[in-house]
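Here are my notes on this model, as numbered points. Please read them with the structure open.

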Amino acid sequence: MLNIYPVHAFKDNYIWVIHNQDYAVVVDPGIASPVIEYLALKKLQLSAILITHHHHDHTGGNAELLQLFDIPVYGPQHEFISTVTHSVKEGDRLSLSEISLHLTVLDTPGHTQGHIAYYGSDPINLVFCGDTLFSCGCGRIFEGTPQQLYESLQKICRLPDDTLAYCTHEYTLSNIRFARTVDPKNLQLIELERSAQALRNQNIPTIPTTLALEKAVNPFLRCNQQDIVNSAQNYAATSLADPLSVFTVLREWKNNF
Ligand SMILES: [Zn+2]
């Protein structure tokens, strides 16, 4: 039985701890102390660290965890992270034998130049997508280009519809506010706002989300929908010829929203 537990960190980060009864793997530990607390509470031995990109709120706990556990740290080949011991890239397969989980690496640049995601299909379809995809939104473009982030999101969306997406921030409600401005007639979005607000009122994470839901509500994945094209064209006060142009306008609009 595999558990995937969100350790809360900083203001709105989730550090995902994947574990069985004895062993755990942690994704993007930006800080060590709450992870160490959870491992102690559940009497778990940490067996690996997975990193999606170099930002400090995703890597800052590595050094302290490595003082306690002599374990591999997987991270993106195209970024320098001093604590990474195993650099991985698109298509590489990880066998996390202690928790019986196999994951495959996707290159997902855009938020950062070398950002990667990890997906698996046994026992369930899942993806650890870092700061690329958020529920109802996507990461900011810090180092890459709009085209890179657009293509990375499309790549994630080619995974099966029932794939659970484990994003690393709780941004859902503010993302929904933007999405409703862009896509005001979307009834599923209105419903999602209600359900997400109810979860947040009880401090329950809205993550993981599913790719099926995101394709229905996330404006950044719906750049070919006429309502969204129209909204982006109105904002930009120009006609937009293709989904990438719509995406680029939406990303800029969200930055200023
Ligand atoms: Zn980041």
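**Notes on the rings, the metal site and the main pocket**

1. Start with two buried residues. Trp16 is buried, and Tyr166 is buried too. Keep in mind throughout that this is a predicted model.

2. The search over the whole structure returns 11 aromatic pairs. Trp16 and Tyr166 make one of them, with an edge-to-face arrangement. Their ring centres are 4.8 Å apart, and the planes meet at 80 degrees. The contact joins distant parts of the chain. Trp16 belongs to strand 2 (residues 13–19) and Tyr166 to strand 13 (residues 164–167), 150 residues apart.

3. Phe178 and Phe220 are stacked, because their planes lie at 20 degrees with the ring centres 6.0 Å apart. The cut-off for stacking is under 30 degrees. This pair also links distant parts of the chain, 42 residues apart. Phe178 sits in helix 5 (residues 172–182). Phe220 sits in the loop between helix 7 (211–217) and helix 8 (226–236).

4. Both stacked rings belong to buried residues. Phe178 has a relative accessible area of 0%, so it is buried. Phe220 has 1%, so it is buried as well. The cut-off for buried is under 20%.

5. Which residues do ring pairs link into a cluster? They are Tyr150, Phe178, Phe220, Tyr235, Phe247, Trp253 and Phe257. The stacked pair of point 3, Phe178 and Phe220, is thus part of a wider ring network.

6. Now the metal. The zinc ion has protein donors from His53 (NE2), His55 (ND1), His111 (NE2) and Asp131 (OD). These lie 2.1 to 2.3 Å from the zinc ion. Along the chain, the donors are spaced H-x1-H-x55-H-x19-D. His53 and His55 are both buried.

7. Check the geometry of the zinc site. The angles among the four donor atoms run from 92 to 167 degrees, and the site is irregular. A tetrahedral label needs all angles between 85 and 135 degrees, so the upper value of 167 degrees rules it out. For reference, the ideal tetrahedral angle is 109.5 degrees. Water is not among the atoms, so the site may look incomplete.

8. Last, the largest pocket. It holds about 310 Å³ of space. There are 16 lining residues, and Phe134, Cys138, Arg140, Tyr171 and Arg251 are the closest to the pocket centre. Helix 5 and helix 9 (243–255) each contribute at least two lining residues.

9. How do the lining residues of the largest pocket divide? Five are nonpolar, six polar and five charged.

Methods: Residues numbered from 1 in each chain as written. Predicted model: local features only at pLDDT ≥ 70, side-chain atom pairs only at ≥ 80, totals over all residues. Heavy atoms only, no water. Phe/Tyr/Trp six-rings, centres within 6.5 Å; stacked < 30°, edge-to-face > 60°. Helix = DSSP H or I, 4+ residues; strand = E, 2+ residues; numbered from the N terminus. Buried < 20%, exposed > 50% of the residue type's maximum accessible area, 1.4 Å probe, protein only. 1 Å grid on protein atoms, 1.4 Å probe; cavity = no way out; pocket = protein on both sides within 12 Å on 5 of 7 lines; lining within 4 Å. Points joined across faces, edges and corners; volume = space filled by probe spheres on them. Nonpolar A, V, L, I, M, F, W, Y, C, P; charged D, E, K, R; others polar. Donors = N, O, S within 2.8 Å, 3.2 Å for Na, K, Ca; no water. Tetrahedral: all angles 85-135°; square planar, octahedral: opposite > 155°, others 65-115°.
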